[in-house]
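Visitor: Could you take me through one part of this protein in close detail? I would enjoy a slow look at a single region and whatever belongs with it.

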Amino acid sequence: TGGAQGHYYIDPKTEKLTKSTSAYERPQPHACFIQSVKDDLVNDGGIMDLWSREARLFKYGSGTGTNFSHIRGAGERLSGGGYSSGLMSFLKIGDRAAGAIKSGGTTRRAAKMVCLDLDHPDIEEFILWKVKEERKVASLVTGSKIAKKHLENVFTAIKENKEALGENVYVGKTNKALARAIKNAQNDFVPMNYISRCVELAKQGFEKITFEVYDTDWNSEAYATVSGQNSNNSIRIPNSFFKALKNGGNWELKARGTGKVTKTLKAKDLWETIAESAWQCADPGVQFDDTINEWHTCPNDGRINASNPCSEYMFLDDTACNLASLNLMKFLDPLTGMFDIESYIHACEVWTLVLEISVLMAQFPSKEIAERSFEYRTLGLGYANVGALLMCMGYPYDSEKGR
């Protein structure tokens, strides 16, 4: 059973919202969640509450996405006085929390999507977030290797000349090798306090200094040190931006509290920043906000603001989607090479019922998601191995027969 974790569900018999009394009386079969966040620090639906809701999802192996565009940008006024520290300071907290919890155990990173509208005051910093953090990794790796090499040279210069110079071996004026080692270290910007520390340790009989060397493995200490590594980041771009881009126009960033323009950028410059950032670190992704909402199946009930971490699920905020995929290769007759359409239709019907049942048997991380999942019955039925199927049938992927 396990203690209750703050989940809710709709009782299918009474159709009333009910709080779960244990961790496992109901499963969490939904893989994909989209959650809202208010511009509020500690109340229900606010920033710190979102981290708790995300924790519930990560703990049981699910992923979540949120559009953070309601959060005020850096320097905007707070109702209680003072100024906001900005969206990025909160995103870094959420990133740390996700890195600690992960999704479904320690072998997988947290499945987390962060979306931001293109007119948010902190959009430039958001776009360059991962780029700058990866530069920090490069600096840690390069700097640690250079520093260790020079510090070892200081020890070597002392060790190899100790017999000949005696106590004078620790002085650069008499130990020319030490003087060269110190000079070379300073030329490569090794901090003088570390160089001095090596000399002092050598006087005490030490022959080396403990100095960590980092590498660029994504699971390494270097990446664990920097932020922004536990989420996919996407920007929501409206058609108006592409019109401004096409016409050589400007793009305005707007304060969340007042709606006033905080900064005006050239659309071309912002687009180049997006492209270069994505080229360097694969983020941010691009979501075409107007097109997505033109294709919305329930537009009267609200906008689509975000997606799940892999973006195959796009729907209203505070909803969840279960996932199942039918292996298309299992419907290919090896003797005739024909696809069994009737069996495929039957499998779709059966699995639609299975997914429908999973909505009723599930528990959810918040009251809103429990209610909306019951109301909308968001089901995720797809297919896998379409490429293998087409190859086995001898159809080119990009062909009329393939389509």
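Guide: Gladly; here is a walk around one helix, the pocket beside it in our story, and then a hairpin for contrast. Please keep in mind that this is a predicted model.

Let us start with helix α1, which spans residues 47-59 and includes Met48. Met48 has a relative accessibility of 31%, so it counts as partly exposed. On the surface, Met48 joins Leu41, Val42 and Ile93 in a nonpolar patch, and together these four residues offer about 340 Å² of accessible area.

Helix α1 also takes us to the second largest pocket, which holds about 320 Å³ of space. This pocket is lined by 14 residues, and those closest to its centre are Asp44, Gly45, Asp49, Ser366 and Glu368. Two elements, α1 and α13 (367-376), each give two or more residues to the lining. The largest share, three residues, comes from α1.

Now for the hairpin. Strand β7 (residues 250-254) shows two faces: Trp251 and Leu253 are on the covered one, while Asn250, Glu252 and Lys254 are on the uncovered one. Such a pattern is easy to place, because side chains in a regular strand alternate between the two faces of the sheet. The partner of β7 is strand β8 (residues 261-266), which runs antiparallel to it and is joined to it by five bridges. Across this pairing, Leu253 stands opposite Lys263 of β8. Six residues lie between the two strands of the hairpin, where Gly259 adopts a positive phi near 80 degrees.

How values were computed: Residues are numbered from 1 along each chain as its sequence is written. This is a predicted model: local features need pLDDT of at least 70, side-chain atom pairs count only at pLDDT 80 or more; totals for chains, interfaces and linings use all residues. Side-chain values use heavy atoms; hydrogens and water are left out. Patches are made of residues with over 30% relative accessible area and no salt bridge: like charges are joined within 9 Å, nonpolar side chains (Val, Leu, Ile, Met, Phe, Trp, Tyr) within 5 Å. Accessible areas come from the Shrake-Rupley method with a 1.4 Å probe; for residues, only the protein chains shown count as cover. A salt bridge is a side-chain nitrogen of Lys or Arg within 4 Å of a carboxyl oxygen of Asp or Glu. Helices (H or I, at least four residues) and strands (E, at least two) are DSSP runs, numbered from the N terminus. Buried means under 20% relative accessible area, exposed over 50%, partly exposed in between (1.4 Å probe, protein chains only). Two strands pair if DSSP finds at least two bridges between them. On a 1 Å grid over the protein atoms alone, a cavity is a set of points where a 1.4 Å probe fits but cannot get out, and a pocket is an open set with protein on both sides within 12 Å along at least five of seven lines; lining residues have an atom within 4 Å of a point. Grid points are joined across faces, edges and corners, and a volume is the space filled by probe spheres set on the points.
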